[in-house]
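Okay, thanks for making time, everyone. I'd like to walk you through one model this morning, going from strands to rings to a disulfide. Have a look at it first.

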Amino acid sequence: MLLVASWCLFAYSASANDRRSTMPLPSAVTSSLERNQIPFDTFSAAVVEIEPGPAGKHTAKKVLDWRANDPMNPASTMKLLTTLSGLDILGPQYRWRTNVYTDGLIRQGTLKGNLYLQGTGDPKLVPEELAKMMKDLQALGIQKIDGNLFFDRSAYAPSVMEHNTIDGEALRAYNSPPDPLLYAFRTLSFQLGKSRTADFIDISYSPALSQLKISNQMQLVDRSCDNWKSNIRFNLDPEGISNTDQPLTAQFSGAFPSSCKGVNFNVVALDANTFLTQGFAAAWELAGGTWTRPPVGKNATVPLAARLLLQFEGIRLADDVLDINKYSNNVMARQLLLTLALEKMGKPATTANGEMVIQSWLKQNGLEFQGLVIENGSGLSRNEAISANQMNQLLLTARNLPVGDIFYNSLPIAGTDGTMRNRLMTQLRKFLHLKKKPEARIKTGSLADVRAISGYVLSKSGKMYAVTSFINHPNAWRGLEAHDQLLSWLLEDGPEPKHAR
């Protein structure tokens, strides 16, 4: 469609109903949208000022409303709904449990029998946590294991563990599928950089795997580090294996710029059982444990006769939420949604049951979200939908919940950390002289054809605003400037600058 020539022309051409329900956008925002060829009817924005109200409850005063009732694709800002409901329903101290069973006995430091790992969806079972599990096993008097590994994933319905993607990029880490026994996001992270001592490329990786070797056939080239990935060829040999104790070779070839100081190449290249088996075996060996023979890992439910060796607890939900929101971790958000289903409706957990739990929570908090679509709770979806006004209602609700501060502190801080680390740097420098610095704590969202922001702005006068804005258009990738203009306007007390103190 053709872009309108100006804000005035667009306002005049809007329907009467639209004019009644909208409040003008800041001129800097409209100018940016026009300049970047983003039609106004693909943009939505809502701003409310959050004020202390009666009985200690916060209330909201509408500041800006542009197509704010239209359901839009929110991309990763959907994680705000998942994390806030999760914190309130489960509690910030909630911890996932990974149970370890055996069908054998411990004799003279050797466990003669198999280990069964039964997961409940711990989203942060990373090498550091697995190392703690190994120490706990050793504390039971085990130094050697004479048996294999079996994985009980009955906590989730098989359908939610299928590796489906919306972009066909199955090897990309952001597309990791949910898994009740998710280890290290099922992602191999290779660290590449020029050696400090010679003209060759150092490659290391994590997490440690018991049967993985690296074949480095890359050459150093004298060029910019921009687009360094485009000249790297990666292959895992053999491909598509399911024999979990088979040696693997990660082959790197191509060109690597000597100007790169250190980069990460992340890939989801192994099936879940191979990755967990070799990760568990390596962790046991790093802890000083031994095997009678390299273990094979298979799927199986825990036998009734098996006895519980260990109930391992992961980190607190409050810490998981920090990772989900600061760094926009998709699979962690998906597993939180499934945990709501598991805890409130039993196993096997399904996305549909997770959605039912969230819908019930919304109603309990007096929120009726017409048009809300939850597909997986992470925003990595072409179908999820929510309106800007609904998102702001969620942000207001958060300020009135006991977990409100934990939720607030989990959001990326503009110019400081997370996905907002490099945003608003110039604008924030204007306030360095102020004793109390303004700040923007904003969850971002990004898909092809989608850009989104949602969170809180603390202005230079100390006012708190909830702000949400969505762009759903092929030129959405150009919309970062418009969103930054909106946030800058609020930092400066845009609605009423003459009242700024």
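Let's start at strand 20, residues 464-472, which is mostly covered, with 8 of its 9 residues buried. By buried I mean under 20% relative accessible area, while exposed is over 50% and partly exposed is in between, using a 1.4 Å probe and protein chains only. Helices (H or I, at least four residues) and strands (E, at least two) are DSSP runs, numbered from the N terminus.

Before I go on, a word on the source: this is a predicted model, so local features need pLDDT of at least 70 and side-chain atom pairs count only at pLDDT 80 or more, though totals for chains, interfaces and linings use all residues. Residues are numbered from 1 along each chain as its sequence is written, and side-chain values use heavy atoms, with hydrogens and water left out.

Back to strand 20, then. Which strands pair with strand 20 in the antiparallel sense? Strand 1, residues 43-52, does so over 8 bridges, and there I50 stands opposite M464. Strand 19, residues 450-458, also runs antiparallel to strand 20, and 9 bridges join the two; here A452 sits opposite F470. For pairing, DSSP has to find at least two bridges between two strands. Strands 19 and 20 make a hairpin with 5 residues between the strands, and in that hairpin G462 takes a positive phi near 95°.

While we're looking at strand 19 territory, find Y456: R399 lies over the face of that ring, at 5.8 Å from its centre. The rule there is NZ of Lys or CZ of Arg within 6 Å of the ring centre and within 35 degrees of the ring normal.

Next, helix 7, residues 317-327. It's largely enclosed by the rest of the structure, because 8 of its 11 residues are buried. Those are L317, A318, D320, V321, D323, I324, N325 and K326. So what covers the buried residues of helix 7? The cover includes helix 4 (79-90), strand 3 (95-102), strand 17 (307-316), helix 8 (330-345), helix 11 (404-409) and strand 18 (439-447). Contact here means heavy atoms within 4.5 Å. Right after helix 7 comes S328, with a positive phi near 55°.

There's also an open sheet of 4 strands, in the order 4-5-7-15, with mixed pairing. Its edges are strand 4 (105-107) and strand 15 (290-291), each pairing on one side only. Strand 4 pairs with strand 5, residues 110-112, in the antiparallel sense over 3 bridges, and the partner of I106 in strand 5 is L111.

Now the rings. Searching the whole structure turns up 13 aromatic pairs. Rings of Phe, Tyr and Trp (its six-membered ring) pair if their centres lie within 6.5 Å; planes under 30 degrees apart are stacked, over 60 edge-to-face, and the rest tilted. One of the pairs is Y116 with F150, stacked at 5.1 Å centre to centre and 20° between the planes. Y116 is in strand 6 (residues 115-118) and F150 in strand 8 (residues 149-152), so this pair links distant parts of the chain, 34 residues apart. Both Y116 and F150 are buried.

Compare F190 and F234: with centres 5.7 Å apart and planes at 55°, that pair is tilted. F190 lies in strand 9 and F234 in strand 12 (residues 232-237), so the pair ties together parts 44 residues apart in sequence. F190 counts as buried because its relative accessibility is 0%, whereas F234, at 22%, counts as partly exposed. F190 and F234 belong to one aromatic cluster along with Y205, F252 and F265.

Staying in strand 9 (residues 188-194), we've got S189. At 14% relative accessibility, S189 counts as buried. Its side chain makes a polar contact of 2.7 Å with that of N266. That means a pair of N or O atoms within 3.5 Å; within protein, one must be able to donate a hydrogen and the other to accept it, and residues adjacent in sequence count only if both atoms are side-chain atoms. Leaving out residues up to four places away in sequence, S189 touches S204, Y205, S206, N264, F265 and N266.

Last stop: how many disulfides are there? The count is 1, taking cysteine sulfur atoms within 2.5 Å as the cut-off. C225 is joined to C260, S to S 1.9 Å. The torsion about that S-S bond is about 110°, so the disulfide is right-handed. C225 is partly exposed because its relative accessible area is 23%, while C260 counts as buried at 2%.
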